[in-house]
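Subject: Handover of a structure and notes on its interior

Dear colleague,

Please find below the structure that I am passing on to you. I would be grateful if you could read the notes after it with the structure open.

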Amino acid sequence: SEFNVDPRVNPDFSSESGSEFGWNPWRVKRDLKAILVTRVLGHSGSVVLRVNRWVRIKRVIGRVFDDVKNGDGNGGSTEMDEVQNQESTGVSTVKLSLGPLITEDAVSFYVCPPSDRRASRSREKENVVTVQTEVSYVANDGTRRYRISTRRWRIARDLSEYLGSMSVEATCILLAKKATLAATELEAEMEEGEDGISRGGNWNEYQKNMNELRFELDNKIGSICRRICDTYENKCEASRGVSKGFADEPNIWALPEHLRNFPKIMYYIRRGPLLGLSFQGSESCSLLRRRFQWMSSPSAFKTSMPTLFSFDSKGSFESLPASTLALQPRRMLVLDQYSMIIIWVGASVSTPEYRKLLDVCRAEAMKLAADRVPTPEILEILQGDSAERWLEARLSPGHKDSRQEQLYDFPSLNSEVGETERIAVCERLKNSTRDKSLREYVTSLLTTS
C-alpha cells in the first residue's frame with residue numbers, strides 16, 4: 001500500500017502450488033525505495049572499539065573491513081590478531097572501516113580473556129570491563145556524524161554466576177554468526193575450484209566439510225548444555241518433570257528455566273536455511289547466510305527461530321510448535337522465518353468455501369512482511385505438493401516422536417478424530433527425513449559424554 005501497487009493476490013486455489021504470493025516487481029520496487037531513500041544512513045564510516053588492556057577482542061563480524069586486508073568493503077569477518085593495538089594507557093584499541101551504514105544492521109564483536117599471565121593477574125584484580133564504541137560516518141546531507149557509547153560489564157566470578165546472567169538469544173546469535181561465517185567461507189573455497197560446488201568432487205568435499213562443521217557445532221552445544229546441568233545439578237534433577245507431571249516432556253526440562261530455550265534455538269539454526277542439510281547448495285540460502293552476518297539481533301533471531309501460526313476449518317487461530325505434526329489436513333498454516341513466509345493449505349480446507357480463511361492467512365503474511373527489507377518471499381503451498389519439502393525442512397520432524405510426546409505438544413489430537421489425523425500425518429511423513437526431532441536432539445545432547 002505504501003507504493004500504491006496492487007500485489008495481485010492469487011484469486012483462488014487454482015494457482016500453482018509453491019508459487020510466490022505477490023509480484024516480484026512489487027518486491028523489487030519496494031526494496032529499492034527502502035534501501036536508497038529510508039535505510040541508508042551514510043557512508044565513509046569507521047568504528048573504533050576500546051576495551052581494558054587485559055581483555056582481547058578476538059573477532060569482529062559485520063559490514064566492517066580492515067583497510068589493509070579487506071579493502072573491498074564487502075565486510076564479513078576480521079580477525080583481530082594483526083589489527084589490535086595495545087596502548088600504554090591501559091586501553092586496547094581496534095579501528096576498522098565500515099561499509100554502507102544501513103538501518104537495522106549490526107556489528108558483532110567477540111571478546112576473550114588474555115593468554116599471557118601478566119594480563120591475567122590484572123584481570124583478577126578487576127570486577128568490571130569497560131567497553132567503548134566510537135562510530136563516525138558521513139551522513140546523507142554531507143555532514144560528518146559521531147556517536148560514542150561507553151558501557152561497563154560486570155565480570156562473573158564463577159560459572160554459576162555467569163550462567164545466571166547469560167542471555168540465551170545473544171549467545172545463540174553469536175554462535176550462529178560464527179557458524180554461518182564458516183559455512184560461507186567453505187562455499188567460497190569450493191567456488192574457487194574449476195567445477196564449482198554444484199558438481200563432481202568439489203560438491204562432495206563441500207558436503208563433507210559442512211557435516212564436520214555441524215558436528216563441531218553440536219559438540220559445542222552439547223558441551224554447554226552438559227556444563228549447565230553440572231552447574232545446576234540439583235535444579236536440573238528437580239526440573240526433570242517427574243513430580244510436575246512432565247514425564248513426557250523432553251530432557252530440555254532438565255535445564256534451568258531461563259536457559260531451556262538454548263538447545264531449542266540452536267536446533268532450528270542447524271536444521272533451517274542457515275545450516276540445514278536440505279538447503280545446501282541453494283543460492284538464496286547462500287545469500288541469506290551473508291546477510292545474516294550483519295543482521296541486528298531481533299532480525300537475526302527471527303531468521304534463526306521459525307514461528308508457526310494455525311487457522312483451522314472453524315477459523316480458530318492459535319500458535320503451534322514448529323513441528324511437522326502441525327501438517328494436519330484441516331489446518332491452514334503460516335510459517336514465519338523472517339526472509340521467508342510460507343502459507344500451507346491442508347487438503348480438507350483447500351476448497352473454495354474456505355477462500356475467506358485463505359484471505360486471512362494472506363493478510364497475516366503481508367502484515368508480517370510489511371516492515372522488512374529485503375521483502376520476504378511469501379509462498380503458498382498445498383498439502384502433498386513437492387514444494388511442501390521446503391516447509392518440512394524448517395520444522396522439527398515431530399512425527400518421529402512417541403505418541404505421548406506428540407499429544408503433549410498437540411493436546412487437540414487427544415480425541416477420536418485427532419487420533420485419526422495424528423496417525424495419518426505420521427504415516428504420510430514417515431520416510432520424509434532421517435534428521436532427529438527436537439526431542440531426540442536434546443536427549444542426545446544431554447546423554448552424550
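The notes below cover the nonpolar cores, the salt bridges, one threonine and the cavities. Please bear in mind throughout that this is a predicted model.

Nonpolar cores

The largest nonpolar core comprises 63 residues. Within this core, the residues with the most contacts are Ile 221, Phe 262, Met 266, Ile 269 and Leu 275. The element that gives the most to the core is helix 4, spanning residues 168-191, with nine residues. A second core, separate from this one, has 17 residues, and Val 47, Val 94, Val 129 and Ala 139 are among them. As general background, nonpolar side chains in soluble globular proteins tend to be buried together.

Leu 275 offers a useful place from which to view the surroundings of the largest core. Setting aside neighbours within four places in sequence, Leu 275 is in contact with Ala 179, Thr 180, Ala 183, Met 210, Leu 213, Arg 214, Leu 217, Ile 269, Arg 270 and Arg 289.

Thr 171 also deserves a look; this residue lies in helix 4. Thr 171 counts as buried because its relative accessible area is 17%, below the 20% cut-off. When residues up to four places away in sequence are not counted, Thr 171 touches Met 166 and Phe 262. Phe 262 is one of the residues with the most contacts inside the largest core.

Salt bridges

The count of salt bridges comes to 21. Three pairs are described here individually.

In one pair, Arg 50 bridges to Glu 134, with the closest N and O atoms 3.1 Å apart. This pair links distant parts of the chain, as Arg 50 belongs to strand 1 (residues 40-52) and Glu 134 to strand 9 (residues 128-139), 84 residues apart. Arg 50 has a relative accessibility of 25% and therefore counts as partly exposed.

In another pair, Asp 336 and Arg 372 form a salt bridge whose closest N and O atoms are 2.8 Å apart. Here Asp 336 sits in strand 13 (residues 331-336), while Arg 372 is in the loop between helix 10 (355-369) and strand 15 (377-382), so that distant parts of the chain, 36 residues apart, are linked. Asp 336 is buried, at a relative accessible area of 7%, and Arg 372 is buried, also at 7%.

The remaining pair described here joins the side chains of Arg 439 and Asp 409, at 3.0 Å from N to O. Because Arg 439 lies in helix 14 (residues 438-447) and Asp 409 in helix 12 (residues 403-409), the pair ties together parts that are 30 residues apart in sequence. Arg 439 is buried, with a relative accessible area of 5%, whereas Asp 409 counts as partly exposed at 27% relative accessibility.

Beyond these pairs, Arg 355, Asp 359, Arg 362 and Glu 380 are joined into one network by salt bridges that share partners.

Cavities

How many cavities of 30 Å³ or more does a search of the whole structure find? The search finds two. The second largest has a volume of about 30 Å³. Its lining consists of Arg 214, Arg 270, Arg 271, Gly 276, Leu 277, Ser 278, Ala 393 and Asp 435. By type, the lining of the second largest cavity divides into four charged, two polar and two nonpolar residues. Arg 214 and Arg 270, which belong to this lining, are also among the contacts of Leu 275.

With kind regards

How values were computed:
Residues numbered from 1 in each chain as written. Predicted model: local features only at pLDDT ≥ 70, side-chain atom pairs only at ≥ 80, totals over all residues. Heavy atoms only, no water. Core = buried A, V, L, I, M, F, W, Y, C linked by side-chain atoms within 4.5 Å. Buried < 20%, exposed > 50% of the residue type's maximum accessible area, 1.4 Å probe, protein only. Helix = DSSP H or I, 4+ residues; strand = E, 2+ residues; numbered from the N terminus. Contact = heavy atoms within 4.5 Å. Salt bridge = Lys/Arg side-chain N within 4 Å of Asp/Glu carboxyl O. 1 Å grid on protein atoms, 1.4 Å probe; cavity = no way out; pocket = protein on both sides within 12 Å on 5 of 7 lines; lining within 4 Å. Points joined across faces, edges and corners; volume = space filled by probe spheres on them. Nonpolar A, V, L, I, M, F, W, Y, C, P; charged D, E, K, R; others polar.
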